[in-house]
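Student: Could you choose one part of this model and look at it closely with me? I would like a connected account that starts from one residue and works outwards.

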Amino acid sequence: MLDKIEEELQPFHKLWNMVYDFHISEKEWLLGQFTKLNGMQIENEVTEWWKSSYRFAKVMEEDFPGAAAVATNLRANTTEFRSHLPVIQSLANPALKPRHWDILSDRIGTDIDGADEELTLQKLLDMDVEAHIDTVREVCVAAKKEYDLEQMMNNMKLEWSVINYEVLP
């Protein structure tokens, strides 16, 4: 009987944990150091919560309207947060060097210091960086291409460092 009750409560347990995890993570993502964010990981987590909340809302809608409302609310919150993903994925990028942040600052018209440890997603949103997402993407794509070229060159140097060329008179 205990196993049956545990099985029946499992969806509720999972839903409450998802809501809790989202709210804790959202606070960390908005207020934590921006350069430490991992855009791909954040996208995966938010997308999973977004999909699961939809399923929970549909399954619980008829028998458990309160839990369905919680799932619907989670879906709305994750939908809203998903709108910030392009900023996170573009700017939380190790390819961005100080010169790229300077270019962004010039083009957007707002001083953004990517090396500032107090830079947060919330500060970027307050600066209305999302309104300039095309400019942000353009600069970030160029930075990523430069970064990839630098990585390839460093790999080439590493590979060639063990090669000895003998020069004869």
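Tutor: Leaving aside its neighbours within four places in sequence, H100 is in contact with A95, V139, A143 and E146. The model we are reading is a predicted one. H100 sits in helix α5, and its side chain makes a polar contact with the side chain of E146 at 3.1 Å. Is H100 buried or exposed? H100 counts as buried because its relative accessible area is 3%, and the cut-off for that word is under 20%.

Let us widen the view to the whole of α5, which runs over residues 98-108. Which residues of α5 are buried? They are H100, W101, L104, S105 and I108. These residues lie on the same side of α5, because they cover an arc of only 140 degrees around the axis. On the other side of the helix, P98 and D106 are exposed. The buried residues of α5 pack against two other helices, namely α4 (85-91) and α7 (133-160). If you follow the chain just past the end of α5, you come to G109, which takes a positive phi of about 85 degrees.

S105 is another residue of α5 that deserves a pause. S105 is counted as buried because its relative accessibility is 10%, which you can compare with the cut-off of under 20%. When residues up to four places away in sequence are not counted, S105 touches T110, D111 and I112.

I112 gives us a way onward, since it is also among the residues that L124 touches. L124 is found in helix α6, and with a relative accessible area of 0% it is buried. Again not counting residues up to four places away in sequence, what L124 touches is F34, L91, I112, L119 and V129. T47, by contrast, is 77 residues from L124 in sequence and 22 Å from it in space, C-alpha to C-alpha.

After α6 (121-126) comes a loop that leads to α7, and D128 is placed in that loop. The phi of D128 is near 65 degrees, which is a positive value in a residue other than glycine. D128 is described as partly exposed because its relative accessible area is 43%.

We can now turn to α1, where W29 has its place. W29 counts as buried because its relative accessibility is 8%. Leaving aside its neighbours within four places in sequence, W29 is in contact with L37, I42, E45, V46, W49, F81 and L121. M153, on the other hand, is 124 residues from W29 in sequence and 33 Å away in space, C-alpha to C-alpha. K27 is also in helix α1, but K27 is exposed, with a relative accessible area of 56%. K27 and Q122 are 95 residues apart in sequence, yet their C-alpha atoms are 9.5 Å apart in space.

Several of the contacts of W29 belong to a meeting of two helices, and that meeting is worth reading slowly. Two packed helices are described by the angle between their axes and the distance between the axes. For helix α1 (residues 2-31) and helix α2 (residues 39-60), the axes come within 11 Å and cross at roughly 145 degrees, and this crossing is left-handed. On the α1 side the meeting residues are P11, F12, K14, L15, M18, D21, F22, S25 and W29, while on the α2 side they are I42, E45, V46, W49, S52, S53, F56 and M60. Sorted by character, the residues of this contact divide into 11 nonpolar, 3 polar and 3 charged.

M60 makes a good last stop, being a residue of α2. M60 is buried, with a relative accessible area of 2%. Not counting residues up to four places away in sequence, M60 touches P11, F12, L15, P65, A67 and A68. Of these, P11, F12 and L15 are in α1, on the list of residues that meet α2. How many residues separate M60 from F12 in sequence, and what is the distance in space? They are 48 residues apart in sequence and 9.5 Å apart in space, C-alpha to C-alpha.

Methods: Residues are numbered from 1 along each chain as its sequence is written. This is a predicted model: local features need pLDDT of at least 70, side-chain atom pairs count only at pLDDT 80 or more; totals for chains, interfaces and linings use all residues. Side-chain values use heavy atoms; hydrogens and water are left out. Axes are lines fitted to C-alpha atoms, for helices over the stretch in contact, and angles run from 0 to 180 degrees between N-to-C directions. Helices (H or I, at least four residues) and strands (E, at least two) are DSSP runs, numbered from the N terminus. A crossing is left-handed if the near helix is turned anticlockwise from the far one by less than a right angle, and right-handed if clockwise. Contact means heavy atoms within 4.5 Å. Ala, Val, Leu, Ile, Met, Phe, Trp, Tyr, Cys and Pro count as nonpolar, Asp, Glu, Lys and Arg as charged, and the others, Gly among them, as polar. Buried means under 20% relative accessible area, exposed over 50%, partly exposed in between (1.4 Å probe, protein chains only). The arc is that of the directions from the helix axis to the C-beta atoms. A polar contact is a pair of N or O atoms within 3.5 Å; within protein, one must be able to donate a hydrogen and the other to accept it, and residues adjacent in sequence count only if both atoms are side-chain atoms.
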